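Me: I have a new structure to look at and would like to learn how to read it. Could you take me through it step by step?

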Amino acid sequence: MTSNRPAYRQIADQIRASIEEGVYAPGAQMPGDKTLADQYDTNRGTVGQAVRLLLAEGYLIKKGRNYAVSPLLKKILRDANVRYRKPNREAGPDGQPSRGAFASEVKALGMRAGSDVTVDRVKPPANVAELLGVSADEVSVLSRARRMTADDVPVQLATSYVPGEIAFDSALENVDTGAGGMISRLAEMGYVQAEVTEEINVRTPTPEEVDELQLTEDARVYELLHVARTAEGRVVEVAVHVMPTHQWTLRYGWALDGN
């Protein structure tokens, strides 16, 4: 170790370079701390700091009591310019039916999309209730909570809320909402989403998110508040997405009036 950078950062640099060069392949189990300490002529504590940094960056994942190279070394592109269009929701890049935009985004990386879905009738959070124009003090919305994965790596927690007046006793209460997901089902029910606004903040994960997304406590996540309206201005869906920043690229675009 010769530079002024802390030793653990230099070791992390070398391990990161080995991963990027294919010395450690995606999904491969990493050597133990003692082996790495011997390899880099340092101690296990320094190796532990390096590993923690690489976990936060997404190069490594926890695998039982050990660590492995993440199968997801390329970021998932969430392109808001196209992801809500019907063709992108209902068919993946391979032309096969897709269960929504997320599935298509993961397929684009050659990976398998998965989603554990919990559907329930609930009292909404106060900010969600205000946006949807429903009561926060009674069961007034349908909640669709998803833990989403790419090749079994957790990459997103997303909960969508739809007014009960629309969603109760509808196809939206099915765990599998079919090709195109809930946006396509809402359209079939007469609630075509015509306008979307999204607010994005970056924060540290909650303890529950650390567990569900297999993160370190000092990782960072995007919290994205998605609000969808019909052409008449009615809010028909509010969704809260939590995504590790090291796993996602967010893309937006808009037209200018030329002035």
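What follows is a conversation about some features of this predicted model.

Me: Let's begin with the overall picture. How many helices and strands does the chain have?

Reply: There are nine helices and 10 strands in the chain. Along the principal axes, its C-alpha atoms fill a box of roughly 65 × 45 × 40 Å. The chain has 259 residues, and 43% of them are buried. Its accessible surface is about 13500 Å², with 46% of that belonging to carbon and sulfur atoms.

Me: And how should I read the contacts along the chain?

Reply: Look at the sequence separation of the partners. Taking contacts between residues at least 6 apart in sequence, 57% join residues at least 24 apart.

Me: Now the charged side chains. How many salt bridges does the structure hold?

Reply: The general idea is that side chains of opposite charge can pair when their charged atoms come close. In this structure there are 17 salt bridges. One of them joins D38 to K34, with 3.2 Å between the closest N and O atoms.

Me: Where do D38 and K34 lie?

Reply: Both are in helix α2, which covers residues 33-39, and they are four residues apart, or about one turn of the helix. In general, an α-helix has 3.6 residues a turn, so residues three or four places apart point the same way. As for its surroundings, D38 counts as exposed because its relative accessibility is 53%, and exposed means over 50%.

Me: What about the salt bridge between R52 and E217?

Reply: Here too the closest N and O atoms are 3.2 Å apart. This pair links distant parts of the chain, 165 residues apart: R52 belongs to helix α3 (residues 44-57), while E217 is in the loop between α9 (207-213) and β8 (221-229). R52 is partly exposed at 38% relative accessibility, whereas E217 is exposed at 53%.

Me: Which parts does the pair R121 and D169 tie together?

Reply: These two side chains meet in a salt bridge of 3.1 Å, N to O. R121 is in strand β4 (residues 113-122) and D169 is in the loop between α7 (164-167) and α8 (181-188), so the salt bridge ties together parts that are 48 residues apart in sequence. R121 counts as partly exposed, with 35% relative accessibility, and D169 counts as exposed, with 71%. Salt bridges can also share partners, and in this way R5, D13, R16 and E57 are joined into one network.

Me: What should I check when a charged residue is buried?

Reply: Look for its partners. R144, in strand β5 (residues 141-150), is buried yet has no salt bridge. The nearest side chain of opposite charge is that of D176, 6.8 Å away. There is a backbone oxygen to look at, though: that of N174 lies 2.7 Å from a polar atom of the R144 side chain. Setting aside residues up to four places away in sequence, R144 touches several others, among them V117, V119, L172 and M182.

Me: Is E198 buried or exposed?

Reply: E198 is buried because its relative accessible area is 19%, and buried means under 20%. You can find E198 in strand β7, residues 195-203. Its side chain makes a polar contact of 3.0 Å with the side chain of R78 and another, of 2.7 Å, with the side chain of Y84. Beyond its neighbours within four places in sequence, the contacts of E198 also include A80, L224, H226 and Y252.

Me: Can burial be read for a whole helix too?

Reply: Yes, by counting its buried residues. In α8, six of the eight residues are buried, so the helix is largely enclosed by the rest of the structure. The buried ones are G181, M182, I183, S184, R185 and L186. Just after α8, look for G190, which takes a positive phi of about 95°.

Me: Finally, which residues make the nonpolar surface patch?

Reply: The patch is made by I200, Y252, W254 and L256 and has an area of about 500 Å². L256 is in the segment after β10 (248-251), and at 72% relative accessibility L256 counts as exposed. You met Y252 earlier, as a contact of E198.

Note on methods: Residues numbered from 1 in each chain as written. Predicted model: local features only at pLDDT ≥ 70, side-chain atom pairs only at ≥ 80, totals over all residues. Heavy atoms only, no water. Salt bridge = Lys/Arg side-chain N within 4 Å of Asp/Glu carboxyl O. Helix = DSSP H or I, 4+ residues; strand = E, 2+ residues; numbered from the N terminus. Buried < 20%, exposed > 50% of the residue type's maximum accessible area, 1.4 Å probe, protein only. Patch = residues over 30% accessible without salt bridge, like charges linked within 9 Å, V, L, I, M, F, W, Y side chains within 5 Å. Areas by Shrake-Rupley, 256 points an atom, 1.4 Å probe, with all protein chains shown as cover. Lys, Arg positive; Asp, Glu negative; His and termini not counted. Polar contact = N/O pair within 3.5 Å; in protein donor to acceptor, adjacent residues only side chain to side chain. Contact = heavy atoms within 4.5 Å.
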